[in-house]
Structure formats: structure tokens, C-alpha cells
Number of protein chains: 2
Amino acid sequence: MKELEERILKDGVVKQGDILKVDNFLNHQLDPALFYQMGLEWKRLYEGEEITKILTAATSGIAIAAVAALPFGVPVVFAKKAKSANISDDVYTVEVHSFTHGNEATLLVSKQYLGPQDRILILDDFLANGAALEGLISLAEKAGARIIGAGVAIEKAYQGGGDRIRAKGIRVEALARIASMDEKDGIVFTD
Amino acid sequence: MKELEERILKDGVVKQGDILKVDNFLNHQLDPALFYQMGLEWKRLYEGEEITKILTAATSGIAIAAVAALPFGVPVVFAKKAKSANISDDVYTVEVHSFTHGNEATLLVSKQYLGPQDRILILDDFLANGAALEGLISLAEKAGARIIGAGVAIEKAYQGGGDRIRAKGIRVEALARIASMDEKDGIVFTD
């Protein structure tokens, strides 16, 4: 998606340790008008598919999913991060390793809001090693929901997480796919 | 706002300990179409005011603020929750007491995204004792930003936090104001 790629080139900052900072419009300051355009693009890409619910994860996926859901006209459910203790029977849980924070986090969704009747589009901000997206896929599978596909804003294609998930037969639509990036040479998108 | 009040009566659950659970459409499952209507209503209420940025707090304010910002056509900044350690010079911080979690939390906003040039509308999901909203007001004041006003989805008017903030001269527009609620008699809105 040209508009998103241009925004990444304009406002994204590549930092040491394979970090792409997009605080300016995606992770701290937010550009809802851009998220709405992203929603229209995912809607176009998934045209013809029946989608009943959008699933994302706290915190970073919430804004994109909530705005991008508007063209779909469906509710959003976000998986919450929880301490492993104090988890009740009425939730689905999955353990996810966070490479950013270097620890394990538990994602949970209430059984009330995810079930076999749901046809799910998963949306998230980043796809790199794939751990977060695989966590959401696992939650949807535990709930017996049908996964129609996923949409991510930015895929670090060179990390291979997206390829691994696509190889399982799950459709993943990334709106900006980064082929390579470093502090000196900047960001190169895939064709 | 009639549509929000009706939704609270339909899907809200009053629980022991003065808790209103609105997980069905506001805090876990989200209804973006409703948030958009709320945005239109705040836009109407603040008609004629110049607003350049919307400020909210993680996690619960993000979805409402991101969607409700669309009619305003302005960016959103959300204050992040942080551990008190490990805070750099380039952020404004404030300590906020969470009555829900019974602990202190630090809210922070990067100085890059909040400053004297900003005319701020603060949006949040709940206003009860007022601690969260006062935290956001304090962040905006530290940044030298002009606070145009605040909008909250649900105000527990009987807790007095909103009245205390209005008494300071800050405009607060609540779209549903609860006069009283309990498990037996349900929810009564103010006139």
C-alpha cells in the first residue's frame, strides 16, 4: 500500500537491533485517517470473504483494528495480556514469547467473545518472527473459530515469520513488506 | 447520548463493588460503529472549537479515541503505562493511582508528541473518581498544551470526580452519566 510505505519512509526511524520506530503514526501518536485507508485496503483484499469479527492483541493492535474494522462493519475483540496467575475458566489463553521484551506473556480472550460461529480476520501492527500472530491464530483455533486470514500493517519479510504462517495455509496480507533495513542504507520494500 | 445509554442498559452488567462491566462493547469486545457515533457527538458538542490533537491513556481509551478522532481529522496520542524505573528525559510523566488495580501507575507521553502548540481534547472510556482524567490533564499542562476539554463515554456522576474537574473550569462532556447503579435496581442515568 503506497500511502503506508511512503509514511514509513517519511516518519519511520531504523534503530540499532533491527528496530523500526513508527511512534510518530502507529505506536504512540496515531493517524486514524491512515488506519481507515488501511481498513479499506484490507476490505478490498478480502472482498467476497464473509468476516464476522476482527481479532487483535493488546496494546499495539487495538487502534489499527478498531479503526480498520469500520469498513467491515463488524466488532473487534482484542486479546488481553495477563499475569499467568489469576486466570479463570471462561477464557482461552496462549503463551507468547515477546522478542521485544524478552519474556513470556499470556494472551487471553473471553470464551464469550470468540467461538465456533466466528469467521475471523486477525489484524496487527507488526509481523516479524510471527510469535504474536501465531498466538492469535492459536486463540482462534482453541475457540473453534474459522480463520479467514490476517492483515498486518508492516511485515519484516526477511525474518520469515510471515512465510512460515503462509506455509500453513493461512492467508496473510501485509500492507508494507520490508525486504531489508538498516541504519545506514534505510528501508527497502519487497516488490 | 441515547444510543450509548441504551447499549449500557442492554449489555452492561452491574457487579458487586460498584463495577460496571461493559466488556461486550467497550473494554474487550469493541463496537467501532458505536465509537464513530460517539465521535460525531463529541464533534457536535465541541463545534466551533479548534482542536489539533486528541489525548487518551492506554489501554482502555485507545480504541474509543482512535475511532472518535476520525470526524475531527486530527492525530491521537495515547499516554503509555510504564514502570517508574527506566524513564528517559524526553517524556512527560505523571503518577496516577488506579482504584481498579489498587496501585500507582506512571503515565508517560513523549515530548515529541505533546507541546505548547497543541489544542487538546482528552478522550477516555470511564470517569469515576477522576484520577485517570486528572493524570491526562496534568500531562497536557506539563507540556504547556491548551486543554479545550474532555469527553468520556461513561461518567459515574455520583462519584464526584467529574464535578471536581468541572469546578476547575475544565469542560467535560460525558455521553452517558450514571446517577446511581446497583445489582438489584440496575442503572439510572442523570436527566
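Entry 1, the interface. I began with the area buried between chain B and chain A, which comes to about 2300 Å², with carbon and sulfur atoms giving 68% of that area. I then asked which three residues of chain B supply more of the area it buries against chain A than any other three, and I found B:His28, B:Gln29 and B:Tyr113, which together supply 29%. I note here that I am reading a predicted model.

Entry 2, contacts across the interface. I looked up the residues in contact, and 28 residues of chain B touch 28 residues of chain A. How many salt bridges does the rule find across the interface of chain B and chain A? I noted zero, whereas the count of residue pairs in polar contact between the two chains, both at pLDDT 80 or more, is 10.

I next listed the elements of chain B that each supply at least two residues to the side touching chain A, and these are helix H2 (23-27), strand E3 (29-30), helix H3 (32-45), helix H4 (62-68), strand E5 (76-82) and strand E7 (103-110). Sorted by class, that side of chain B has 19 nonpolar, six polar and three charged residues.

Entry 3, a strand pairing between chains. I followed strand E3 of chain A, residues 29-30, and saw that it pairs with E5(B) in the antiparallel sense over two bridges. Within E5(B), B:Val76 is the residue that stands opposite A:Leu30.

Entry 4, strand E4 of chain B. I returned to B:Val76 from the side of chain B, where it stands opposite B:Ile54, and I recorded that E4(B) and E5(B) run parallel and are joined by four bridges. E4(B) also pairs with strand E8 of chain B, residues 119-127, in the parallel sense over three bridges, and there B:Lys53 stands opposite B:Ile120.

Why is E4(B) described as largely enclosed by the rest of the structure? I checked its residues 53-57 and found five of the five buried, so the description follows. B:Lys53, B:Leu55 and B:Ala57 point one way from the strand, while B:Ile54 and B:Thr56 point the other way, and all are buried.

Entry 5, the loop after E8. I turned to B:Ala128, which lies in the loop between E8 and helix H5 (131-142) of chain B. Is B:Ala128 buried or exposed? I noted a relative accessible area of 17%, and because buried means under 20%, B:Ala128 is buried.

Leaving aside neighbours within four places in sequence, I found B:Ala128 in contact with B:Lys156, B:Gln159, B:Gly160, B:Gly161 and B:Gly162. B:Gly162 is 34 residues from B:Ala128 in sequence, yet their C-alpha atoms are 7.1 Å apart in space.

Note on methods:
Residues are numbered from 1 along each chain as its sequence is written. Chains are lettered from A and ligands numbered from 1 in the order in which they are written. This is a predicted model: local features need pLDDT of at least 70, side-chain atom pairs count only at pLDDT 80 or more; totals for chains, interfaces and linings use all residues. Side-chain values use heavy atoms; hydrogens and water are left out. Contact means heavy atoms within 4.5 Å. Buried area is the accessible area (1.4 Å probe) that two parts lose on being put together, summed over both. A salt bridge is a side-chain nitrogen of Lys or Arg within 4 Å of a carboxyl oxygen of Asp or Glu. A polar contact is a pair of N or O atoms within 3.5 Å; within protein, one must be able to donate a hydrogen and the other to accept it, and residues adjacent in sequence count only if both atoms are side-chain atoms. Ala, Val, Leu, Ile, Met, Phe, Trp, Tyr, Cys and Pro count as nonpolar, Asp, Glu, Lys and Arg as charged, and the others, Gly among them, as polar. Two strands pair if DSSP finds at least two bridges between them. Buried means under 20% relative accessible area, exposed over 50%, partly exposed in between (1.4 Å probe, protein chains only).
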